[in-house]
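Welcome! The exercises below walk you through one protein model, step by step. Keep the picture in view and try each task before you read its solution.

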Amino acid sequence: MEKKAFYLTTTLPYVNAEPHIGFALEIVHADIAVRYHKLCGYEVFFNTGTDEHGIKIYRNALEEGKDPQKYVDGYAEKFQNLKEKLNLYPDLHFIRTTEPRHVAAAQEFWRRCSNNGDIYKKNYTTKYCVGCELEKTESELVNGACAIHPNLAVELIEEENYFFRFSNYRARLIDMYEKRPDLVIPGYRFNEIRRFVEDGLQDFSISRLKKKMPWGVAVPDDPEHVMYVWFDALISYISTLGWPKDETNFTKFWGTVVKPNGIQMAGKDQIRQQAAMWQAMLMSAGLPPSKHILIHGFINVGGQKMSKSLGNVIDPIAIVDEYGADALRYYLARHIHPFEDSDFTMEKFKESYNANLANGLGNLAARVMKLAETHLSEPVKIEFVPYPAEFTQALDRYEVNTAMDYVWRRIQALDQKINITEPFKIVKTDKEKAVALIEELVRELAFIDEMLEPLLPATAGKIINAIMGNKKPENLFPRKEEQVSSSGRVPHFAMPKNKKKKKGDLNFS
RNA sequence: AGCGGGGUGGAGCAGUAGUAGCUCGCAAGGCUCAUAACCUUGAGGUCGCAGGUGCAAUUCCUGUCCCCGCAACCA
């Protein structure tokens with residue numbers, strides 16, 4: 001029997017900035033889902049990439065005196081490096097929208113929409129904010145300027161553009177929403193987009209005049225136009241599969257109209273593009289819709305938006321360099337909610353790192369394996385134990401945080417078990433019983449390790465190696481104690497907390 | 001205005017129709033295998049406010065107050 005196929009794509013980040021913690025969140029959650037499905041026996045296709053066209057990139061490149069292609073090459077490399085930095089699934093597919101295979105796919109997609117009568121030319125004048133790269137309606141302007149970029153002059157655009165007949169798809173979208181109640185997850189996001197579509201749709205512009213802005217995919221049969229960046233970028237979800245040439249691969253992973261299979265992950269600012277525009281585009285091209293669109297929230301810092309001017313931007317690479325990929329993966333998976341907005345501060349990160357990775361998982365692995373190394377003559381044989389329902393149910397719903405909580409309860413339970421059964425004591429009186437006990441502890445550690453595999457793959461590998469070698473592992477997560485606590489007090493860094501109040505101890509601080 | 005999210009012990013957050021849970025912090029004790037770690041116990045909450053439905057609501061409904069987002073470096 002053929003393996004079931006699992007397809008998951010992130011949105012493609014626009015390459016005008018360094019990799020962002022928000023994208024790290026998206027791709028780590030995606031990576032966990034992919035690894036989990038792989039372990040469950042699916043054949044998986046995991047896609048990400050870079051969105052490289054558009055006026056903003058064109059202008060940035062010119063400002064830096066670079067050829068646009070050279071400019072995006074530099075950024076694409078930084079994003080490709082995330083694979084290693086975040087310890088992502090080894091077969092991660094990476095598509096760049098400037099690749100010939102993508103360009104060809106975008107053009108074919110255009111042709112199909114056009115043949116279907118959904119693309120037409122229209123003269124129009126609009127106000128356009130270069131900062132947002134968006135047309136602005138009157139109601140969106142404040143004092144005649146873009147509210148987000150008040151310092152940039154709103155440009156008046158009057159030109160002939162190609163438009164997509166989005167308005168034709170209102171009924172069909174609503175109909176699909178009715179039939180596919182799990183298209184957008186979570187449900188309250190689905191309500192948002194449903195209401196938006198019900199309120200009525202306006203056709204949107206999908207091309208730009210080449211003489212003004214040449215940095216885009218050429219529109220078929222019209223040398224004067226290039227595609228608007230959003231139109232071509234969305235198509236990357238299927239161009240990465242080899243569409244339109246590789247029909248087999250495409251159908252296998254993207255599915256069919258009857259049985260869609262493509263799962264997308266995106267931020268809450270992307271609902272409109274992903275759940276409405278893209279779905280209408282797929283209908284127009286005669287292609288299957290998405291199966292699920294998972295919408296995650298944003299990361300705030302200390303209750304505020306991240307912003308350069310506030311100086312509170314979190315750099316995922318810096319965290320990985322200091323703490324390791326799995327430490328960041330841990331935090332994103334357990335403490336950043338899969339759907340709602342979450343807060344990220346370095347204080348919280350460090351607190352959780354010490355509590356749950358150093359003191360929790362790392363210490364547990366060390367104490368179990370030290371017992372094993374000392375008292376067992378050979379490695380414990382490990383058998384695969386099926387994942388518990390509580391764990392799989394959480395991951396099946398993409399509730400990674402709940403799955404993490406479950407694993408950490410097992411970690412705590414194993415710590416408790418060691419304290420209760422006291423093998424380190426029993427070994428002095430009843431070696432045989434102690435050995436049996438320790439073997440049991442190792443097996444339970446292996447069980448925890450199994451669950452860690454999709455979550456913290458590097459750590460999981462180290463632990464299973466330690467088990468198979470019957471050897472205490474290297475220090476998996478060294479404690480970090482150098483910081484001053486958030487209250488400003490110097491921490492009691494040199495004293496164990498269960499002794500710090502004892503009288504008579506010398507205080508080394 | 002509208003739409004969306006949120007208001008849970010000192011802090012940060014889960015969660016649920018039926019003894020309210022986690023991390024940190026605090027208090028007392030235990031253990032010594034472990035990364036000055038681990039375990040136990042305790043103090044601390046009328047789960048924003050007011051109504052309603054239920055045998056039962058923090059959990060569902062209605063109203064109301066407050067905070068945040070929809071305006072980001074687009075995630």
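A residue is called buried under 20% relative accessible area, exposed over 50%, and partly exposed in between. The model you are looking at is predicted.

**Exercise 1. Place K425 and its partner on the accessibility scale.**

Solution. Start with the value for K425, a relative accessible area of 46%. Partly exposed covers the range between the two cut-offs, so K425 is partly exposed. Next take E422: its relative accessibility is 27%, so E422 is partly exposed as well. Finally, look at how they meet: K425 and E422 form a salt bridge whose closest N and O atoms are 3.0 Å apart. Elsewhere, D31, R35 and R329 are joined into one network by salt bridges that share partners.

**Exercise 2. Find which residues of strand 1 point which way, and say whether they are buried or exposed.**

Solution. Begin with the strand as a whole: strand 1 spans residues 5–9, and 5 of its 5 residues are buried. Now sort the side chains. A5, Y7 and T9 point one way, while F6 and L8 point the other way. This fits a general pattern: in a regular strand the side chains alternate between the two faces of the sheet.

**Exercise 3. Build the sheet outward from strand 1.**

Solution. Take one neighbour at a time.

- Strand 2 (residues 43–50) runs parallel to strand 1 and is joined to it by 5 bridges. Here L8 has F46 as its bridge partner. Between these two strands the chain passes through helix 1 (residues 21–39), and this β-α-β crossover is right-handed.
- Strand 13 (residues 262–267) also pairs with strand 1 in the parallel sense, over 3 bridges. In this pairing Y7 stands opposite G262.
- Strand 14 (residues 292–296) runs parallel to strand 13, with 5 bridges between them. M265 has L294 as its bridge partner there.

Put together, 6 strands form an open sheet with parallel pairing, in the order 3-2-1-13-14-9. Why is one side of strand 3 and of strand 9 left without a neighbour in the sheet? Strand 3 (93–96) and strand 9 (184–185) stand at the edges and each has a single partner strand, so one side of each stays unpaired in the sheet.

**Exercise 4. Follow H53 to its polar partner, then look at that partner's surroundings.**

Solution. First locate H53: it sits in the loop between strand 2 and helix 2 (55–63). With a relative accessibility of 4%, H53 is buried. Next, find its polar contact, which joins the side chain of H53 to that of D232 at 3.2 Å. D232 belongs to helix 8 (residues 229–234). Which side chain of opposite charge is nearest to D232? The nearest is R208, 11 Å away, and D232 is buried without a salt bridge. To finish, compare the neighbours beyond four places in sequence: those of H53 include Y14, W215 and V217, and those of D232 include H102, V217 and M227.

**Exercise 5. Describe the setting of Y71.**

Solution. Y71 is part of helix 3 (residues 68–80). Its relative accessible area is 3%, so Y71 is buried. Beyond its neighbours within four places in sequence, Y71 is in contact with several residues, among them N60, E64 and K66. The side chains of Y71 and N60 make a polar contact of 3.3 Å. Two other residues on that list, E64 and K66, form a salt bridge with each other at 3.4 Å, N to O. E64 is partly exposed at 46% relative accessibility, and K66 is partly exposed at 40%.

**Exercise 6. Trace a link between parts of the chain that are 422 residues apart.**

Solution. Look for P457 in helix 19 (residues 457–469). P457 has 15% relative accessibility and therefore counts as buried. The C-alpha atoms of P457 and R35 are separated by 9.0 Å, although their positions lie 422 residues apart along the chain. R35 is one of the residues in contact with P457, and the others include N87, D326 and R329.

How values were computed. Residues numbered from 1 in each chain as written. Chains lettered and ligands numbered in written order. Predicted model: local features only at pLDDT ≥ 70, side-chain atom pairs only at ≥ 80, totals over all residues. Heavy atoms only, no water. Buried < 20%, exposed > 50% of the residue type's maximum accessible area, 1.4 Å probe, protein only. Helix = DSSP H or I, 4+ residues; strand = E, 2+ residues; numbered from the N terminus. Pairing = 2+ DSSP bridges. Right-handed = clockwise from strand over helix to strand, strands pointing away. Contact = heavy atoms within 4.5 Å. Polar contact = N/O pair within 3.5 Å; in protein donor to acceptor, adjacent residues only side chain to side chain. Lys, Arg positive; Asp, Glu negative; His and termini not counted. Salt bridge = Lys/Arg side-chain N within 4 Å of Asp/Glu carboxyl O.
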